[in-house]
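Reader: Please take one part of this structure and go through it closely. I would like to know what it is built from and what lies around it.

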2 protein chains.
Amino acid sequence: MSTHPVTWVEAAAGSAYDVDNLPYAVFSTEDTAPRIGVRIGDHVLDLGAAATALRPDLAPLLDAPALNPLMAAGATVWAEVRSWATELLTDTAHRDRVRLVPLADVTLHLPFEVGDYVDYYASVDHATNVGRIFRPDGDALMPNWRHLPVAYHGRAGSIVVSGTPVHRPAGQRKAPADPAPTFGPSLRLDIEAELGFVVGRTVPLGQRVATSEFTETVFGVTGVNDWSSRDIQAWEYVPLGPNLGKSFATSISAWVTPLAALEHARTELPSQEPAVLPYLREEGPSGYDIDVEVEVNGTVVARPPYASMYWSPAQMLAHLTVNGASLRVGDFYASGTISGPEKHQRGSFLELSWGGKETWTAGGEERTFLEDGDEVVLRYSAPGARGRIGLGEVRGRILPTIRPLPEEVE
Amino acid sequence: MSTHPVTWVEAAAGSAYDVDNLPYAVFSTEDTAPRIGVRIGDHVLDLGAAATALRPDLAPLLDAPALNPLMAAGATVWAEVRSWATELLTDTAHRDRVRLVPLADVTLHLPFEVGDYVDYYASVDHATNVGRIFRPDGDALMPNWRHLPVAYHGRAGSIVVSGTPVHRPAGQRKAPADPAPTFGPSLRLDIEAELGFVVGRTVPLGQRVATSEFTETVFGVTGVNDWSSRDIQAWEYVPLGPNLGKSFATSISAWVTPLAALEHARTELPSQEPAVLPYLREEGPSGYDIDVEVEVNGTVVARPPYASMYWSPAQMLAHLTVNGASLRVGDFYASGTISGPEKHQRGSFLELSWGGKETWTAGGEERTFLEDGDEVVLRYSAPGARGRIGLGEVRGRILPTIRPLPEEVE
């Protein structure tokens, strides 16, 4: 096999889903139960069926309704399966032996069983913007922010796959001037454009994972929209952090892009000052040059650059376990909102509207936060071995709150 | 069956584990794989084997390595299994048909696969004490505290069964006077004596669960020790709440006590002022009169009363889902530290030592926080149909941090 083999799949060569990419998903069709596939151009290669026919040793990992068994098999097997998929898609001898399904004919499912979900706060521009919006008279960054990647645990059970509609959450909110809290549908429904990291390794309690173990611990990345209700969050979050303001839904891309596809996207982090403690040190380029587009009702309203993130994914991983917390296959952590230094690079409407004070425009309409019926699509791309590769999209439409509310049946 | 049938199991009648109790566990022996059992006196009734022999329809639920299948079967089946277990243990006709295993001969396992773990902050005395310790010049309670049950998501993957030793976590800490954070084993290792609630029902995204649905949604309760590192927590927790200060381990009792066993423990909540919003209203006694003992190295150092909790478990459940968050079978939520108004009723060492300023005594030694080698046992009991019933214990010993630390291999 040459280092740059050419795929036999029509129209795939030169696309954002060429053989240097090969993201994984769990797909089903009218005839077939959910199993693992890789994307090539506008098709899905049915890896589950290919394994059953050609590599029965891999069938338990690939003819499976979630990526967890493949991930649990370890990094050597991840590389072997990727190499085999490349061979299937580049050696014309396999052309009649494998099943390609047009994307239009598949249903994509949540790609892995989620263990715990940890959400970071790793963008210095996002954290600074939020600090300025909420605490205009104080320091924008908390004293701990440059010493450790701040994070909280989110709700794993409400993680849904791209395309799932999201009901507007209801809850308590209280503006500072209000005498008491009121209850109702959120008035400030927001997104957070993030990148997610899927853990493919079990580590027992009491151990620590080093930054150098990142590529053998994390299987791949997803796009993430961490839907957020700013009015619910603002009232509830002291002193224990966000809860109902986030727990109603988090959308992730159906495609999990393996780290191996992102080797050409590695980039230096922006500098870290002050120097980090030893457990957070790392060698070489540890950031990722991934571009994000935030589209609302057909209009791109922001382009957050992942390359501007302050903390690296390997640092987030090392921090997550430095206290001895265990890891399970399927654990998931996300970067937090990706925002760059420029206004058009902000990855949340809280920042784009500067706390609701300024409007932005999408589909010819003015917005501060989301209205019922709005559809948000996050798109991710990065430099690949040959050109830019796609990391799929995260799509979701806002549905109204389910009625009646408890207040309405009194 | 009379309302007060008598068990044929020797020494069980009149004990804290009489037939009015019957908590569930997952147990194994040298000869048998993990399956469901109920406790009767000092024995475990092998419900998995009994179902296989006598009620094959129930075998998939009971000859199982976790309570999840039984819980997923719904509240009608929960009542049927409890009634059947009572019949097995009271009708002498069954004496030779069932297997009783002495507790000393069984290994107890984590009783259910945990979905999401949410930890509340539902004791007004605990929240007031913590507020006074950390913010001596401010209001002890945050403005939201009496309006909603404050909570955060904890780490489900580090929930362990009673008896599992706990490594002292390492992490960053910074006292206000320190110029920069330092790294090392936690210096303020604490407990939180709590009660946990196991969800046995699936509810889809977008729906809400009413307070009146509590007994059909929650399968049972466990004891909980939410181990906490106060120095790690104090430095990390702004603005997103506790993370590594809690995520290294949470211990729960091996026994899950069904709500049906706690009917006689129902009690009125202390009054709630101001009145709660409609979705948090409920009828009848919604608190639980459960006593907790905190024992360290053989000495009882505190007796927190669950009856003093401000928010009810049904209110916590309604709040958890009021934004449309989904529920999965195995979701778990805990009360937060149980503390009563008296000093000897405080359920954390943070409060017993008043922020590390006062010592308490256990096993003849003075303590503020835990030392390596210390063993903590939480014991729970409540009024039952005939006398006091036991809810099992939560036991854990502190092991040293695993070395070397990253700082030690520079």
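Author: In this predicted model, helix 1 (residues 47–54) of chain A lies across strand 1, strand 2 (35–40) and strand 3 (43–46) of chain A. The helix runs at about 110° to strand 2 of chain A.

These three strands belong to an open sheet of five strands in chain A, with the order 4-3-2-1-5 and antiparallel pairing. Strand 4 (100–102) and strand 5 (107–109) of chain A are the edge strands, each pairing on one side only. From one strand to the next, the twist averages 50°. In general, strands of a sheet pair through backbone hydrogen bonds, either parallel or antiparallel.

At one edge, strand 1 (residues 24–28) of chain A runs antiparallel to strand 5 of chain A, and three bridges join the two. One bridge partner can be named: A:Val26 is matched with A:His109 in strand 5 of chain A.

Beyond the sheet, there is the second chain to consider. Chain A can be laid on chain B by a turn of 180° and a shift of 0.0 Å along the axis, with an RMSD of 0.0 Å. This is the relation of a two-fold axis. The same surface serves both copies, since 100% of the contact residues of chain A recur in chain B. Of the residues of chain A, A:Gly241 comes closest to the rotation axis, its C-alpha lying at 2.0 Å.

The contact takes 64 residues from chain A and 64 residues from chain B. Between them, the two chains bury about 5900 Å², with 58% of this on carbon and sulfur atoms. On the side of chain A, the residues that lose the most area to chain B are A:Arg155, A:Leu240 and A:Asn323, together 14% of what that side buries.

As for polar links, 32 residue pairs are in polar contact between chain A and chain B. Two salt bridges are found across this interface. B:Arg155 forms a salt bridge with A:Asp331, where the closest N and O atoms are 3.0 Å apart.

Several elements of chain A each supply at least two residues of the side that touches chain B: strand 7 (151–154), strand 10 (170–173), helix 7 (230–236) and helix 8 (313–321). Strand 7 of chain A gives the largest share of that side, four residues.

How values were computed: Residues numbered from 1 in each chain as written. Chains lettered and ligands numbered in written order. Predicted model: local features only at pLDDT ≥ 70, side-chain atom pairs only at ≥ 80, totals over all residues. Heavy atoms only, no water. Pairing = 2+ DSSP bridges. Axes fitted to C-alpha atoms, helices over the stretch in contact; angles between N-to-C directions. Contact = heavy atoms within 4.5 Å. Least-squares fit on C-alpha atoms with pLDDT ≥ 70 in both. Buried area = accessible area lost by both parts, 1.4 Å probe. Salt bridge = Lys/Arg side-chain N within 4 Å of Asp/Glu carboxyl O. Polar contact = N/O pair within 3.5 Å; in protein donor to acceptor, adjacent residues only side chain to side chain.
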